[in-house]
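Hi,

Here is the structure I said I would pass on to you. Have a look at it first, and then read on for what turned up when I went through it.

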Amino acid sequence: MTGRPLTVLVVGATGSIGRLVVAEALRRGHGVRALVRDASRAGRILPAPTALVVGDLTKPATLEPAVEAIDAIVFTHGSGTREADVRDIDYAGVANILTALDGRRVRIALMTAVGTTRPGTPYAAWKRRAERLVRASGDPYTIVRPGWFDYNDAGQRAILLRQGDTEQSGTPADGAIARDEIARVLVDSLTNPAAERLTFELVANEGAEQDDLTPVFSALTPDAPDALDGAEDSPNAPLADEPQRFRDDREAIARLRERAS
């Protein structure tokens, strides 16, 4: 692991997971910058060391100050299950931040959800497209698909990482995880080389939480270079069938990477 403190931008910082990510990153000695729409409200929610930068994920022109001189980004924003909202906020937020970076290399942790690759689920398809943009960026990344928040029992704290997104019932039977453990995994991934280029589902088993997540990350299969999807994902959404908006965004972000390299 790297010992150097990072400057971490948290997107979705005032949400239930984002607040915990801010706290965990500060606990580890990182500098934290929060992208917020309302600085007054955020100042009441987030700890004082957090730097607040006002911007709107849906307005690209407002995002450059948020990404200036950062080392890492944790995306925890989420809008619900209405397709238009996921497309215009969850997906577009990732696209707009990556564009604002203009090809500059940062470490990324993206939170989506278990069941992201489930066929015939329009809102999930846009979350999957956000994942694909992160892979196209060429930045080092970890993509975390949590199970159902807080459906775990009190003794269910052993972190389990799965691949392939095979549990797709759309119920807590797909796996559960505590919110603080989601935050821990997201922040840990930023400085743990074993987590680089991984895509996985995050749930918990009965037992105590591990002190060191390196063996847990190391047991997984990294995504192939320039992969469209996660290493074990079903190839059930060919690029040729994707909407033109996504294909244009993916090509534009890949060009930014090439221009900066």
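What volume does the largest pocket have? About 1100 Å³. Before you get too attached to that number, keep in mind that this is a predicted model.

**The pocket**

The largest pocket is lined by 41 residues, and those closest to its centre are T76, H77, G78, S79 and G80. If you want to trace the walls, the elements that each give two or more residues to the lining are α1 (16–27), β2, α2 (39–45), α4, α5 and β7 (148–149). Sorted by class, the pocket lining holds 18 polar, 15 nonpolar and 8 charged residues.

**The sheet**

Next, the sheet. It is an open one with mixed pairing, built from 8 strands in the order β3-β2-β1-β4-β5-β6-β10-β8. The edges are taken by β3 (51–54) and β8 (158–162); each has a single partner strand, so one side of each lacks a neighbour in the sheet. On average, neighbouring strands are turned by 25 degrees against each other, ignoring direction.

At the β3 end, 4 bridges pair β3 with β2 (residues 31–36) in the parallel sense. To find your place there, look for A34, which stands opposite L52 in β3.

**Strand β5**

The strand I spent some time on is β5, residues 107–111. Why can we call β5 largely enclosed by the rest of the structure? Because 5 of its 5 residues are buried, buried here being under 20% relative accessible area. R107, A109 and M111 point one way from the strand, while I108 and L110 point the other way. Do note that R107 is among the buried ones.

β5 has a parallel partner in β4 (residues 72–75), joined to it by 4 bridges, and the bridge partner of R107 is A72. Another 4 bridges join β5 to β6 (residues 141–146), and these two strands also run parallel. In that pairing, M111 stands opposite V144 of β6.

The connections are worth following by eye as well. β4, helix α4 (residues 83–101) and β5 form a right-handed β-α-β unit. From β5 the next unit, again right-handed, takes in helix α5 (residues 122–137) and β6.

**The cavities**

Finally, the enclosed spaces. How many cavities of 30 Å³ or more does the structure hold? There are 2.

The largest has a volume of about 70 Å³. Its lining is made up of L98, L101, G103, R104, S137, D139, I253, L256 and R257. Two elements give two or more residues to it, α4 and α8 (244–260), and α8 has the largest share, with 3 residues. By class, this lining has 4 nonpolar, 2 polar and 3 charged residues.

The second largest cavity holds about 60 Å³ of space, and it takes us back to β5. H77, D90, V94, L110, M111, T112, K127 and A130 line this cavity, and the elements that give two or more residues are α4, β5 and α5. Here the classes split into 4 nonpolar, 2 polar and 2 charged. Two residues reappear in this lining: H77, listed above among those closest to the centre of the largest pocket, and M111, listed above as the residue opposite V144.

That's the tour. Shout if anything looks odd on your screen.

Cheers

Notes:
Residues are numbered from 1 along each chain as its sequence is written. This is a predicted model: local features need pLDDT of at least 70, side-chain atom pairs count only at pLDDT 80 or more; totals for chains, interfaces and linings use all residues. Side-chain values use heavy atoms; hydrogens and water are left out. Buried means under 20% relative accessible area, exposed over 50%, partly exposed in between (1.4 Å probe, protein chains only). Two strands pair if DSSP finds at least two bridges between them. A crossover is right-handed if, with the strands pointing away from the viewer, the path from the first strand over the helix to the second runs clockwise. On a 1 Å grid over the protein atoms alone, a cavity is a set of points where a 1.4 Å probe fits but cannot get out, and a pocket is an open set with protein on both sides within 12 Å along at least five of seven lines; lining residues have an atom within 4 Å of a point. Grid points are joined across faces, edges and corners, and a volume is the space filled by probe spheres set on the points. Ala, Val, Leu, Ile, Met, Phe, Trp, Tyr, Cys and Pro count as nonpolar, Asp, Glu, Lys and Arg as charged, and the others, Gly among them, as polar. Axes are lines fitted to C-alpha atoms, for helices over the stretch in contact, and angles run from 0 to 180 degrees between N-to-C directions.
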